[in-house]
Amino acid sequence: MADTLEFNEIYQEVKGSMNDGRLRLSRQGVIFKNSKTGKVDNIQASELAEGVWRRVALGHGLKLLTKNGHVYKYDGFRESEFDKLSDFFKAHYRLELAEKDLCVKGWNWGTVRFGGQLLSFDIGEQPVFEIPLSNVSQCTTGKNEVTLEFHQNDDAEVSLMEVRFYVPPTQEDGVDPVEAFAQNVLSKADVIQATGDAICIFRELQCLTPRGRYDIRIYPTFLHLHGKTFDYKIPYTTVLRLFLLPHKDQRQMFFVISLDPPIKQGQTRYHFLILLFSKDEDISLTLNMNEEEVEKRFEGRLTKNMSGSLYEMVSRVMKALVNRKITVPGNFQGHSGAQCITCSYKASSGLLYPLERGFIYVHKPPVHIRFDEISFVNFARGTTTTRSFDFEIETKQGTQYTFSSIEREEYGKLFDFVNAKKLNIKNRGLKEGMKQSYDEYADSDEDQHDAYLERMKEEGKIREENANDSSDGSGEETDESFNPGEEDDDVAEEFDSNASASSSSGDGDSDRDEKKPAKKAKVVKDRKPRKKQLESKKGKDPNAPKRPMSAYMLWLNASREKIKSEHPGISITDLSKKAGELWKAMSKERKEEWDRKAEDARRDYEKAMKEYSVGSKSESSKAERSKKKKKKQEKQTKGKAEKKGAASKSSSSSKSPAKSLSESFKSKEFVSSDESSSGESKKEDSEEEGVASLPPSSEDSASGSD
């Protein structure tokens with residue numbers, strides 16, 4: 001028989017709620033680890049008194065009773081696991097695993113039995129329900145009636161608040177059954193009563209959660225927070241962990257108390273009690289106990305008279321009373337030498353402390369994440385600036401925590417810490433590659449790397465190269481083509497009906513008027529050809545040879561119809577999947593046959609590309625010669641048009657102002673036939689070139705209107 005038994009997804013019943021975790025049975029005893037809190041219950045084999053197997057709501061359950069009266073309940077077992085558990089109990093614990101079913105008659109009268117810390121309401125020999133007396137917060141009596149009030153359970157959607165028992169009067173003299181019932185309950189109930197004096201009192205301590213200044217009274221079984229508005233009583237049994245954390249400024253200390261269940265105020269739950277101390281604040285403390293009692297109770301951990309820093313005294317007293325270790329930061333040191341990292345969580349700035357077994361964030365809201373519940377961590381770029389990065393943690397339950405705005409200098413330290421703790425890093429390749437890519441990113445003082453921006457820059461370079469190629473030595477003219485002072489003229493030139501108005505706006509000399517249309521023409525001429533050339537460069541030549549197909553594609557084209565016939569009605573997606581499976585399963589010899597065909601196709605493609613490149617070069621040289629010839633013709637035609645425009649301007653200056661005003665609004669239809677024909681010829685030439693220049697007809701009409 002195996003020495004251990006392990007069960008996953010087992011539920012422990014605690015104060016009416018079911019906490020999931022893992023249960024392990026060994027020779028030494030029973031261990032249950034809570035998945036949510038990490039708390040471990042350890043029951044020694046020598047302490048077990050009874051084991052009961054019964055049917056419950058979540059399948060089957062196991063109830064264990066110890067010799068000191070404690071009861072532990074675990075649910076979530078399958079019926080088939082009874083034999084395995086029964087044999088294990090017999091072999092290792094020498095206990096019979098008894099089968100007892102709950103009574104489901106629905107009667108509301110029966111017998112109450114007190115056994116250890118359990119109140120059992122029975123009908124005959126079968127239990128109807130059981131109440132752990134540690135769940136009872138108060139017990140009150142009335143005439144023939146006892147009322148039990150319970151601690152509210154924050155994890156359960158519905159909580160049982162109270163139960164009332166009717167106790168019939170008996171004829172026995174001197175014994176009140178109601179009082180006897182109440183005394184049995186109170187002897188085992190978890191009733192917080194501030195009886196007697198406090199062991200010590202700490203006055204006006206600064207508390208971050210819940211916020212305010214509180215007097216903390218230390219009692220033997222609980223601590224009492226007394227503030228101006230609220231009071232809290234915290235039993236030491238609810239304290240899960242203690243943390244003592246140095247602030248980044250090295251002048252303050254956080255003392256954090258983890259609570260389960262949390263303290264509550266209205267709908268707010270406080271899972272952590274956070275106290276803030278100054279390192280410079282000292283205190284002399286005297287315990288309200290004699291020296292013998294102190295020595296007997298605390299065994300040298302505390303003395304009657306103590307003095308030192310306030311945070312040291314509080315942490316020392318809490319450690320002795322709660323009997324738990326205080327967790328402090330390990331060997332982690334950040335870029336500035338501090339043991340924490342400044343970051344933000346949920347829009348609030350705070351400090352993240354890497355511990356030896358987890359992370360803790362203080363203070364709003366406080367978060368504690370253990371390493372054993374982390375699925376993976378992730379380093380991500382900051383969303384707003386490259387001077388920081390985000391640290392993401394995802395737990396095995398699927399909860400994600402994102403700590404943002406961490407200084408980039410902290411990256412190396414944090415990465416080394418995570419790597420040393422052997423946590424899974426989601427975006428990790430090789431460590432060197434990771435560091436190198438981050439160094440490049442960290443050295444940038446600009447915004448985060450933008451792939452789209454880089455692509456636009458590359459296209460801009462190509463555009464500039466195309467512009468330089470198309471200018472053919474006329475770079476100086478291109479520089480002068482943009483003139484901010486002529487924006488109005490550009491707008492007027494775009495609409496032909498206003499072209500004459502824009503040209504006649506000034507009565508200056510004819511030379512100045514002649515220069516303006518030439519410059520305007522260059523603006524349009526410089527901008528549009530680039531787009532056309534870029535488009536032609538991007539477009540594919542339809543006459544170019546097609547790239548050769550791979551061996552797989554050649555096989556797929558040959559086998560497509562066969563696959564369709566074997567699987568009628570198959571979709572394109574499923575066909576691709578099926579083809580991939582067939583190709584993968586194909587033998588090496590058959591694949592080599594298609595590899596040879598692909599190699600032959602590649603050779604044919606290379607041969608065709610050589611022939612195509614030779615032909616394209618000869619065609620491009622011919623096109624270049626014809627282009628130069630057309631440019632020469634265009635310059636000659638343009639010179640004639642300028643001379644004609646100058647002559648028409650000189651003649652129009654002698655005309656009356658009224659006539660010039662009426663002629664300034666003439667449209668294209670009133671332009672002379674000679675000018676329009678010359679404009680049309682020039683327009684045809686420019687369209688053949690593929691270069692969008694200013695139509696000469698608009699220039700002539702503008703000059704003619706003057």
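**A tour of rings and charges**

Start by selecting Lys33, which is partly exposed, with a relative accessible area of 35%. In this tour, buried means under 20% relative accessible area, exposed means over 50%, and partly exposed lies in between (1.4 Å probe, protein chains only). The model in your viewer is predicted, so local features need pLDDT of at least 70 and side-chain atom pairs count only at pLDDT 80 or more, while totals for chains, interfaces and linings use all residues. Residues are numbered from 1 along each chain as its sequence is written, and side-chain values use heavy atoms, with hydrogens and water left out.

**Stop one: from Lys33 to Asp372**

Keep Lys33 on screen and add Asp372. These two form a salt bridge, with their closest N and O atoms 2.7 Å apart. Lys33 belongs to strand β3 (residues 29–34) and Asp372 to the loop between β28 and β29, so the bridge ties together parts that are 339 residues apart in sequence. Helices (H or I, at least four residues) and strands (E, at least two) are DSSP runs, numbered from the N terminus. Asp372 is also partly exposed, at 35% relative accessibility. Now add Arg370 and Glu373: together with Lys33 and Asp372 they are linked in a network of salt bridges.

**Stop two: more salt bridges**

The whole structure holds 16 salt bridges, each a side-chain nitrogen of Lys or Arg within 4 Å of a carboxyl oxygen of Asp or Glu. Select Lys100 and Glu50, whose side chains meet in one of them at 3.8 Å, N to O. This pair links distant parts of the chain, 50 residues apart: Lys100 is in the loop between β8 (97–99) and β9 (111–115), and Glu50 is in strand β5 (residues 48–56). Lys100 counts as partly exposed at 42% relative accessibility, and Glu50 does at 30%.

Go next to Lys421 and Glu356, where the N to O distance of the salt bridge is 2.8 Å. Lys421 sits in the loop between α5 and α6 (431–442) and Glu356 in the loop between β26 (348–354) and β27, so the pair joins parts that are 65 residues apart in sequence. At 25% relative accessibility, Lys421 is partly exposed; Glu356, at 37%, is partly exposed too.

**Stop three: the aromatic cluster**

Now show the rings. There are 30 aromatic pairs in the structure. Select Phe359 and Phe371: their ring centres are 5.4 Å apart and their planes stand at 75 degrees, so this pair is edge-to-face. Phe359 lies in strand β27 (residues 358–362) and Phe371 in the loop between β28 (367–370) and β29 (374–381), 12 residues apart. Phe359 is buried at 1% relative accessibility, and Phe371 is buried at 14%.

Add Phe379 and Phe415, with ring centres 5.7 Å apart and planes at 45 degrees, so the pair is tilted. Here strand β29, holding Phe379, is linked with helix α5 (residues 411–420), holding Phe415, across 36 residues. Both Phe379 and Phe415 are buried. The rings of Phe, Tyr and Trp (its six-membered ring) pair if their centres lie within 6.5 Å; planes under 30 degrees apart count as stacked, over 60 as edge-to-face and the rest as tilted.

To see the full group, select Phe332, Phe359, Phe371, Phe379, Phe389, Phe391, Tyr411, Phe415 and Phe417, which form one aromatic cluster.

**Last stop: charges over rings**

Select Lys105 and Trp107: the charged end of Lys105 sits over the ring of Trp107, 4.5 Å from its centre. A charge sits over a ring if NZ of Lys or CZ of Arg is within 6 Å of the ring centre and within 35 degrees of the ring normal. Finish at Trp594, where Lys597 lies over the face at 4.0 Å from the ring centre.
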